[in-house]
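Open the model in your viewer and keep the selection tool at hand. We will go from place to place, choosing what to highlight at each stop.

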Amino acid sequence: MTTANHRSDTPGSAGQHRTPGKLAPQDASEAASRHRRIREAMAAQGLDGLLAFGPGWRRENVRYLTDTALAGSAAFALLPAQGEPSAFSTRWQDTGSIIRHGWITDAHFIDAREPAALADRLREMAPRRLGIAHYELLPAVLMESVSGAVPGAEVVSATALMDGVRLAKSDWEIDRMRRTAEVCAAGWQAFVGALEPGLPEYGIVAAVEEEIKRLGAEDNFMLIASGGDEVRGMTAPSPRSLERGDMVRTELTPQLDGYWLQLCRSAVVGKASDAQRRSFDLFNEAVEAGMAAVRPGVTAHDVAAAENDVFRRHGYGEYCTSQYTRVRGHGHGLHFDETPVIEGNETVLPENAVLIIHPNTYTPIAGYHVLGDPVRVTKEGPEVLISTERRLFESAEGT
Amino acid sequence: MKRGLVVLDPAEISGREWQQRLAVLQRAMAASRIDTALVYGDVSRADDIAYLTNLCVYWNEGILAVPAQGDPVFLTKLSPRVHPWMRQVSTVTDLRSGPSLGKLVADLLGPGNGRTAGIVDADLWPAVLSEEISAGLPGWEVRKLGGLVREQRVTPSPAELVLLRRGAGILAAAAGKAAGEQPDANARIAVIERELRGAGFLDVVARAADAPDGIVTLRVSGQFRTGWLHASRLAGDGNGTSWPDAMRQAIGGAVTAASAGACGERLSEAARPALSVLPPGTAVDVRWVNQADMATSGEYQPYSPDLPMTQGSVAVIGIEARFPDGADAAVAETVLIGTDRAECLTDPMLTAIGTAASGGRAGS
């Protein structure tokens with residue numbers, strides 16, 4: 001019955017463990033739609049196989065095909081040009097989860113150093129041109145196994161292909177993102193509710209994590225900074241204790257059912273100063289300008305330029321450069337940092353793309369300021385996906 | 001993303017110890033005639049870089065370039081705007097950012113003139129990056145190396161052990177609280193997040209999964225400073241079913257059997273008697289993983305059944321059961337491996353039981 005440091009697709013645990021879940025009609029339709037879209041993109045690039053690789057920190061493409069939360073350090077989903085997809089993970093529990101969820105019914109445990117089931121499936125498939133999503137991240141030990149299994153095939157990156165496929169969200173996906181938005185809004189409430197003089201930054205993160213996990217969040221991307229006008233950017237939390245008058249900035253990005261959604265806000269411990277209010281007004285104007293530019297067919301550059309023009313008009317244009325900031329927003333979905341909203345990015349935003357518009361940067365007015373809302377691109381313009389008010393928050397404690 | 005506390009405290013790890021860690025690597029490099037060692041990390045597995053510098057790759061990727069003599073340089077895709085923070089919380093002063101790690105390496109190292117660069121743990125590097133670096137270093141011999149830094153991390157120093165003990169106590173208390181009366185699985189995870197992050201854990205990975213008979217398996221991994229702790233607990237009363245107690249007894253047996261030189265097979269044998277009450281058709285895995293490999297749960301390391309445990313190392317011993325109905329359950333503890341027994345860091349009672357069973361021997 002027992003094995004020692006040995007994991008496998010043990011026959012003894014097969015049977016019901018491998019009983020596929022029955023997909024609801026809307027899920028079956030979504031899965032079929034995804035397969036069709038990916039295969040159209042594959043055909044355009046002459047691919048007869050798409051292998052999505054998911055390392056521990058970039059599982060979005062595997063999730064797109066499995067709709068399953070995975071824990072393995074390395075996971076794959078393989079979609080042939082024709083036929084049924086397969087999935088593979090270095091965590092045996094993942095294979096049961098995938099099969100029970102039902103989007104892929106052929107799932108296997110693999111040893112990262114000898115992924116036999118993956119190699120066998122590739123050999124059987126014998127693609128002439130294989131695209132690998134996150135090819136750039138595939139460890140050498142796995143690359144060797146993949147390449148060795150398809151010695152005659154041309155192996156290319158399919159990372160951009162999958163980024164393109166995932167850019168416009170379906171109604172099914174938007175529904176999920178709306179639920180994430182509710183969790184995100186609750187997380188922000190917990191954030192503001194926790195603020196009080198003496199609390200260390202990491203204590204704020206603990207309060208937020210407690211709340212969003214209570215509501216079912218799987219994960220969270222969260223940067224933070226506290227202090228006055230000396231603050232130049234956000235990082236992981238420090239032991240710094242909050243002081244009265246501090247502005248506390250965050251980008252809060254919970255993940256629920258696979259989908260991330262971000263909110264950018266700043267809050268003051270106690271009453272805001274005039275400078276902090278002026279800073280908010282400037283950033284709010286930039287958010288509004290970015291939103292005004294949003295409609296299907298515009299580029300990420302167009303949105304970024306609209307935001308930056310506000311800073312330029314007010315004499316703060318230099319603070320829109322890489323010396324002070326990174327991007328003016330970015331796409332959202334199964335990855336929280338999809339196409340960047342930045343001047344020079346000519347990616348066209350289609351209807352139903354989801355992005356956050358956040359002109360976060362440093363200015364001498366009140367230091368680094370964080371403000372932004374997630375929006376869906378519609379023909380009528382942007383639809384704000386979150387209910388959190390866009391204002392400079394003040395904590396009840398510290399007044 | 002790692003979003004817990006990152007702190008560099010000389011009262012915890014002295015400046016001398018940080019220098020020694022680097023010196024050990026540099027001596028190994030000298031023995032292999034390596035002029036510059038390159039250590040890769042991404043947010044999901046960057047413990048080698050953290051061990052050498054206390055740098056936290058909280059997101060994205062980076063490479064630590066370690067010269068045969070002198071100070072290391074950190075190359076990263078993260079923005080230069082985080083350099084001040086990184087200097088504050090690490091031993092590194094030279095940080096360079098850019099969109100291409102290959103170009104950053106090429107710019108740093110320049111023409112080789114017959115020198116040798118070593119890619120540490122080359123099998124685990126992104127193949128494309130490794131090739132890009134090799135191609136971008138004219139005049140350099142680029143050699144693939146094994147896990148030189150990981151080997152150092154296998155046995156914690158006394159200072160690291162102090163932190164691991166502290167972290168284990170916090171994690172055990174949190175897991176115990178979460179396994180108690182809670183309204184649902186999400187509430188259990190929420191408790192763990194609050195307790196561990198509130199106590200300054202850098203990273204928390206907590207999962208709750210339904211097991212048979214109303215039992216919930218809680219798997220809790222946490223990184224305190226740079227060391228990993230893990231415990232898996234079974235929550236719920238199980239309506240009088242016997243298998244949860246059997247699994248608890250089994251992990252007690254496995255922990256009692258652990259010592260320097262013990263291997264997975266021995267742990268499995270010790271666990272087996274208690275597991276005989278599990279339903280027919282249940283598959284069980286008994287395994288151990290060094291805490292140094294816990295960022296990936298040991299999935300990138302070859303843990304064979306006859307691999308012996310190392311004196312002074314800290315390991316996670318776990319038992320995973322897969323029931324015929326497809327559900328699974330787990331129990332696990334983090335232990336310190338001594339010469340003739342193990343000390344259970346996440347459940348001191350198991351150590352006491354083990355000591356009593358072995359006639360009161362103390363040897364760790």
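How many bridges join strand 14 of chain A to strand 15 of chain A? Select residues 373–378 of chain A, which form strand 14, and add strand 15: four bridges join the two, and the strands run antiparallel. Please bear in mind throughout that this is a predicted model.

**The sheet in chain A**

Stay with this pair for a moment. Look for Thr378(A), and you will find it opposite Gly381(A), which belongs to strand 15 of chain A. Now widen the selection to the whole sheet. This is an open sheet of four strands in chain A, ordered 12-13-14-15, and the pairing is antiparallel. Colour strand 12 (329–331) and strand 15 (381–384) of chain A to mark the edges, since each of these strands pairs on one side only. Turn the sheet and follow its twist, which averages 35° from one strand to the next.

**The two domains of chain A**

Next, give residues 11–167 of chain A one colour and residues 171–394 another; the domain assignment calls these domain 1 and domain 2. Their C-alpha centres lie 33 Å apart. Where they touch, domain 1 of chain A contributes 10 residues and domain 2 of chain A contributes 11 residues. On the domain 1 side, highlight helix 1 (25–44), helix 2 (60–66) and helix 6 (159–167) of chain A, the elements that give two or more residues to this contact. What classes of residue make up that side of domain 1 of chain A? Six are charged, three nonpolar and one polar.

**Over to chain B**

Hide chain A and show chain B by itself. Its ribbon has 11 helices and 13 strands. Along its principal axes, the C-alpha trace of chain B spans about 70 × 40 × 40 Å. The radius of gyration of chain B is 22 Å, which agrees with the value near 21 Å for a compact globule of 364 residues.

Colour chain B by domain as well: domain 1 covers 15–153 and domain 2 covers 158–357 in the assignment. The C-alpha centres of these two domains of chain B lie 33 Å apart. Their contact takes 10 residues from domain 1 of chain B and seven residues from domain 2 of chain B. On the domain 1 side, select helix 2 (47–53) and helix 6 (148–153) of chain B, each giving two or more residues. Helix 2 of chain B gives the most, with three residues. By class, that side of domain 1 of chain B has five charged, four nonpolar and one polar residue.

**Where the chains meet**

Bring chain A back. In this interface, 55 residues of chain A are in contact with 64 residues of chain B. Which element of chain A gives the most to the side that touches chain B? Helix 8 of chain A does, with eight residues. The chain A side as a whole has 22 nonpolar, 22 polar and 11 charged residues.

For the last stop, select residues 201–214 of chain A and residues 185–198 of chain B, the helix 8 of each chain. The axes of these helices come within 8 Å and cross at roughly 175°, so helix 8 of chain A is roughly antiparallel to helix 8 of chain B. Show side chains on both: Tyr202(A), Glu209(A) and Arg214(A) are among the residues of helix 8 of chain A that meet helix 8 of chain B, whose contributors include Asn186(B), Glu193(B) and Arg197(B). By class, this helix contact has seven charged, six nonpolar and three polar residues.

Key: Residues are numbered from 1 along each chain as its sequence is written. Chains are lettered from A and ligands numbered from 1 in the order in which they are written. This is a predicted model: local features need pLDDT of at least 70, side-chain atom pairs count only at pLDDT 80 or more; totals for chains, interfaces and linings use all residues. Axes are lines fitted to C-alpha atoms, for helices over the stretch in contact, and angles run from 0 to 180 degrees between N-to-C directions. Angles under 35 degrees count as roughly parallel, over 145 as roughly antiparallel, 65 to 115 as roughly perpendicular and the rest as oblique. Two residues are in contact if their C-beta atoms, placed from the backbone, lie within 7 Å. Ala, Val, Leu, Ile, Met, Phe, Trp, Tyr, Cys and Pro count as nonpolar, Asp, Glu, Lys and Arg as charged, and the others, Gly among them, as polar. Domain bounds come from an automatic or database domain assignment. Two strands pair if DSSP finds at least two bridges between them. The radius of gyration is taken over C-alpha atoms; the globule rule is 2.2 Å times the number of residues to the power 0.38.
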